[in-house]
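Here's a quick tour for anyone meeting this protein for the first time. Have a look at the sequence and the model, then read on.

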Amino acid sequence: MYRDLAYNVYKRGESTMDAYEMPGWGWLIILLDFIVFLPLFVLVNYTLQHIFPTLATVEDPSPPAYEPVSLDEDAQSLAEETAPIADEAARSSDAPAVTSSFRSTYRALYSISGWRSLFRGFACYVALSFATYFVYGIMVSAFIPALIAGPLSAIALVQLYTAWTHIVISAPSPKTFWQRLPPFKKAFQATALPVAMYFFAIEVASFFPKMLANVMNMNLWQPSEPGKIPQADKNDIWKGVIVLLVSLVMHIFLVIPTQVILTRVQASLLPDEDDTVVPFDRSFQGKVEPAIVGGKGFVTVKDAWSTFTRASWIRLVKLYVKIFLVGLALSFVWMAVLVPEMFAIMRHSKKIE
């Protein structure tokens with residue numbers, strides 16, 4: 001929604017500037033905006049929206065047994081002095097969870113390898129994003145509906161998605177992300193169903209609000225007519241509120257639950273030699289039997305859901321609310337800076353004769 005709004009503002013400015021020459025300092029302002037806001041958007045859209053919820057989903061504040069992550073030897077004494085909350089949570093069931101707040105989650109991550117921990121798994125994330133778009137593009141070009149192409153493209157890349165989760169929840173490893181890919185057969189057996197559920201939920205949660213907006217005749221930018229700028233209408237305000245609320249409801253009751261299931265199933269495939277950065281019950285309350293004794297070696301969809309406690313749900317929903325508010329605030333700040341700059345550049349632009 002915010003991207004569409006920003007794009008509409010950009011298109012209005014672009015259409016107005018068609019016959020004008022931008023002043024030289026205008027490019028400097030654009031560069032400064034890029035330098036200032038790009039890291040902030042990456043921090044919100046990657047660290048807050050992906051890493052923090054993943055850690056909150058796998059964390060069990062009172063696991064049966066938990067060994068704290070062994071930090072880098074040079075930083076170990078400092079980490080012990082600062083007493084990471086993950087260690088305290090393991091010692092006392094009354095202690096707050098590591099992911100109970102932004103601050104405690106940040107402290108736990110920063111104590112591992114500094115600011116780099118805030119972007120753990122980023123290389124793998126970029127790779128899986130490009131791979132997903134590539135496979136998705138092939139399927140869509142073959143006239144496969146988006147509702148089906150989305151889940152199928154993700155299923156084809158279950159190894160990458162599982163490896164990313166393992167990198168995020170585990171201690172730093174000298175291995176590259178492609179060396180941490182689980183066997184395709186095992187990753188497929190464990191995660192194919194939850195992957196299909198999650199990506200189908202994403203497609204539905206994206207499709208339905210758009211369909212609702214079209215039914216209510218909202219003035220939206222259409223990809224089929226990129227040069228046409230939608231005209232503002234006073235009724236679009238309440239229509240936009242309805243669409244936003246419907247989108248939020250679908251994400252809360254459809255997308256987030258399926259994401260929880262997928263993440264916990266992926267986490268159950270974490271190799272035994274990999275330590276986790278938050279308390280984690282590998283047995284999932286005794287539901288997981290190791291493959292060596294005849295078990296599946298991973299948690300099922302049903303057990304991944306049933307072992308996620310009510311307290312964990314409350315903590316996760318609160319986290320998502322905070323993330324949404326931070327993203328909303330950043331978007332408003334960006335627009336508050338961008339719009340005046342755009343008008344200033346337009347005012348000092350010279351008309352091309």
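## Buried or not

A residue counts as buried when its relative accessible area is under 20%, as exposed when that area is over 50%, and as partly exposed in between. Phe284, at 2% relative accessibility, therefore counts as buried. Keep in mind that this is a predicted model.

Phe284 has a ring partner, Phe280: their ring centres sit 5.6 Å apart and the planes are at 85 degrees, so this is an edge-to-face pair. Phe280 is buried as well, with a relative accessible area of 6%.

## Rings that pair up

How many aromatic pairs does a search of the whole structure find? It turns up 16 of them. Take Tyr46 and Phe122: with ring centres 5.1 Å apart and planes at 90 degrees, they make an edge-to-face pair. Tyr46 belongs to helix H2 (residues 24–58) and Phe122 to helix H6 (residues 122–141), so this pair ties together parts that lie 76 residues apart in sequence.

Are these two rings buried or exposed? Tyr46 is buried, its relative accessible area being 2%, while Phe122 comes out as partly exposed at 35%. The pair also has company: ring pairs link Tyr46, Phe122, Tyr125 and Trp164 into a cluster.

## Where H2 meets H10

Now follow H2 to another of its neighbours, helix H10 (residues 236–267). The two helices pack at an angle of about 70 degrees, and their axes are 9 Å apart. That angle makes H2 roughly perpendicular to H10.

Which residues meet here? On the H2 side you'll find Thr54, Thr57 and Val58, and on the H10 side Val260, Thr263, Arg264 and Ala267. Sorted by type, the residues of this contact are 3 nonpolar, 3 polar and 1 charged.

## A threonine in a loop

Arg264 turns up again at Thr307, where the side chains of the two residues make a polar contact at 2.9 Å. Thr307 sits in the loop between helix H11 (301–306) and helix H12 (310–347). Loop or not, Thr307 counts as buried, at 6% relative accessibility.

What else does Thr307 touch? Leaving aside residues up to four places away in sequence, its contacts are Arg264, Phe284, Gln285 and Lys287. Phe284 is the buried ring from the start of this tour. As for Lys287, it is 20 residues away from Thr307 along the chain, and the C-alpha atoms of the two are separated by 8.6 Å.

Conventions: Residues numbered from 1 in each chain as written. Predicted model: local features only at pLDDT ≥ 70, side-chain atom pairs only at ≥ 80, totals over all residues. Heavy atoms only, no water. Phe/Tyr/Trp six-rings, centres within 6.5 Å; stacked < 30°, edge-to-face > 60°. Helix = DSSP H or I, 4+ residues; strand = E, 2+ residues; numbered from the N terminus. Buried < 20%, exposed > 50% of the residue type's maximum accessible area, 1.4 Å probe, protein only. Axes fitted to C-alpha atoms, helices over the stretch in contact; angles between N-to-C directions. Parallel < 35°, antiparallel > 145°, perpendicular 65-115°, else oblique. Contact = heavy atoms within 4.5 Å. Nonpolar A, V, L, I, M, F, W, Y, C, P; charged D, E, K, R; others polar. Polar contact = N/O pair within 3.5 Å; in protein donor to acceptor, adjacent residues only side chain to side chain.
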